[in-house]
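Reader: I would like a close look at a single part of this model, with the surroundings needed to place it. Please keep the account plain.

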Amino acid sequence: MEKKEFNSKQEKKEEKIEICYFCNRKFDMNKDDSSHYKYGKYPVCAYCSEFYGFYSD
Ligand SMILES: [Zn+2]
């Protein structure tokens, strides 16, 4: 079976720019570890996640 090298070269993650619901700063949702969507739809940046303790809903 031939494995195409194309798939393994996706080291560059797509950026997903969102604006934080709390601080209105732009951030990359795919980059920051603790950034997430509050209630599944409000973007929260990593900073606010840690500051407010929003690690999970
Ligand atoms: Zn924020």
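Author: A residue counts as buried if 20 or more other C-beta atoms lie within 10 Å of its own. In this predicted model, buried residues make up 12% of the 57 residues in the chain. The part chosen here is C20, together with C48, one of the residues that C20 touches.

Some context comes first. The chain has one helix and four strands, and from the N terminus on the order is β-β-β-β-α. The average pLDDT of the chain is 82, and 72% of the residues score at least 70. Among the elements, strand β1 (residues 17-19) has the highest mean pLDDT, 97, while α1 has the lowest, 90.

C20 is found in the loop between β1 and β2 (26-28). C20 is buried because 20 other C-beta atoms lie within 10 Å, and the cut-off is 20 or more. Leaving aside residues up to four places away in sequence, C20 touches R25, F27, P43, V44, C45 and C48. The C-alpha atom of C20 is also 7.7 Å from that of Y42, a residue 22 positions apart along the chain.

C48, on the other side of this contact, belongs to helix α1 (residues 46-52). C48 is buried as well, because 20 other C-beta atoms lie within 10 Å of C48. Between the C-alpha atoms of C48 and F22 the separation is 7.1 Å, although the two residues are 26 apart along the chain.

For the chain as a whole, 15% of the contacts with a separation of 6 or more come from residues 24 or more positions apart.

Key. Residues numbered from 1 in each chain as written. Predicted model: local features only at pLDDT ≥ 70, side-chain atom pairs only at ≥ 80, totals over all residues. Helix = DSSP H or I, 4+ residues; strand = E, 2+ residues; numbered from the N terminus. pLDDT = per-residue confidence, 0-100. Contact = placed C-beta atoms within 7 Å.
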